[in-house]
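The following exercises concern charged side chains and their partners in a protein structure. Each task is followed by a solution in steps.

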Amino acid sequence: MRILVRFIHHRSKLNDTLHDVPLSGPRLKIGRGTDQDIHLSNLRVALAHAELVEGQDGKIRLQSHLAAGFHYNGDIVQSAVLTPGDRIDLGGHQIRVGEGAGVNLVLEIAEDDSSRGREMEAALLKRARMD
C-alpha cells in the first residue's frame with residue numbers, strides 16, 4: 001500500500017502550511033508514540049491509536065486499537081474501509097481521505113484548533129503533570 005499523508009498546519013485563517021509524507025508498507029501504525037509511522041502529537045491521541053492495513057482485496061482498512069473507536073463519516077466505529085471522500089476524527093485530528101497519482105489514498109490531516117480542542121488538550125496536559 002502506498003499512502004500520501006498531507007499534514008495541514010493552520011497558522012492563521014489565510015495561511016496554512018502543508019507537509020507531505022509518502023509512506024508505504026502492508027501496515028502503517030498511527031499514534032502519538034515516536035515509533036508510529038504516522039505520528040500525531042496531540043495528547044488526545046493514544047501512543048498506539050490505530051493502524052492502516054491493506055487487505056488481500058487491495059482495500060485499505062483503518063482499525064482502532066482502542067475500545068472507544070473513532071468517528072468515521074459521523075458514526076463511531078472500530079474499523080472502516082477507507083474510500084475517497086471519507087472523513088475521520090481521530091484523537092482531535094480531522095482526516096479527509098482523498099485520491100492521488102501513484103498512491104492508493106491521500107490522507108489530509110489537520111489538528112482540531114477550535115477552542116474546545118485547546119481546552120481539552122490543556123486539561124489533559126494538566127492531569128498528566130499531576131500524575
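A salt bridge is counted here when a side-chain nitrogen of Lys or Arg lies within 4 Å of a carboxyl oxygen of Asp or Glu. The structure under study is a predicted model, and it holds four salt bridges.

**Exercise 1.** Determine whether the side chains of aspartate 20 and arginine 6 satisfy the salt-bridge criterion, and locate both residues.

*Solution.*
Step 1. The N to O distance between the side chains of aspartate 20 and arginine 6 is 2.8 Å. Because the cut-off is 4 Å, the pair is a salt bridge.
Step 2. Aspartate 20 belongs to strand 2 (residues 15–24) and arginine 6 to strand 1 (residues 2–12). The two residues are 14 residues apart, and the pair links distant parts of the chain.
Step 3. Aspartate 20 counts as partly exposed, because its relative accessibility is 37%.

**Exercise 2.** Identify the salt bridges that glutamate 108 forms with arginine 6 and arginine 96, and classify the exposure of glutamate 108.

*Solution.*
Step 1. With arginine 6, glutamate 108 forms a salt bridge whose closest N and O atoms are 3.6 Å apart. This pair joins strand 1 to strand 12 (residues 105–111), across 102 residues.
Step 2. Between arginine 96 and glutamate 108 there is a further salt bridge, with the closest N and O atoms 2.9 Å apart. Arginine 96 lies in strand 11 (residues 93–98), and the two partners are 12 residues apart.
Step 3. The relative accessibility of glutamate 108 is 18%, so this residue counts as buried. Arginine 96, at 30%, counts as partly exposed.
Step 4. Taken together, Arg6, Asp20, Arg96 and Glu108 are linked in a network of salt bridges.

**Exercise 3.** Describe the surroundings of glutamate 54: which residues does it touch, not counting residues up to four places away in sequence?

*Solution.*
Step 1. Glutamate 54 lies in strand 5 (residues 50–54). Its relative accessibility is 29%, and it therefore counts as partly exposed.
Step 2. Beyond its sequence neighbours up to four places away, glutamate 54 touches Met1, Pro26, Lys59, Ile60 and Asn104.
Step 3. For Met1, a specific atom can be named: the side chain of glutamate 54 reaches the backbone nitrogen of methionine 1 at 2.8 Å.
Step 4. The C-alpha atoms of glutamate 54 and arginine 2 are separated by 9.6 Å, although these residues are 52 residues apart along the chain.

Note on methods:
Residues numbered from 1 in each chain as written. Predicted model: local features only at pLDDT ≥ 70, side-chain atom pairs only at ≥ 80, totals over all residues. Heavy atoms only, no water. Helix = DSSP H or I, 4+ residues; strand = E, 2+ residues; numbered from the N terminus. Buried < 20%, exposed > 50% of the residue type's maximum accessible area, 1.4 Å probe, protein only. Contact = heavy atoms within 4.5 Å. Polar contact = N/O pair within 3.5 Å; in protein donor to acceptor, adjacent residues only side chain to side chain.
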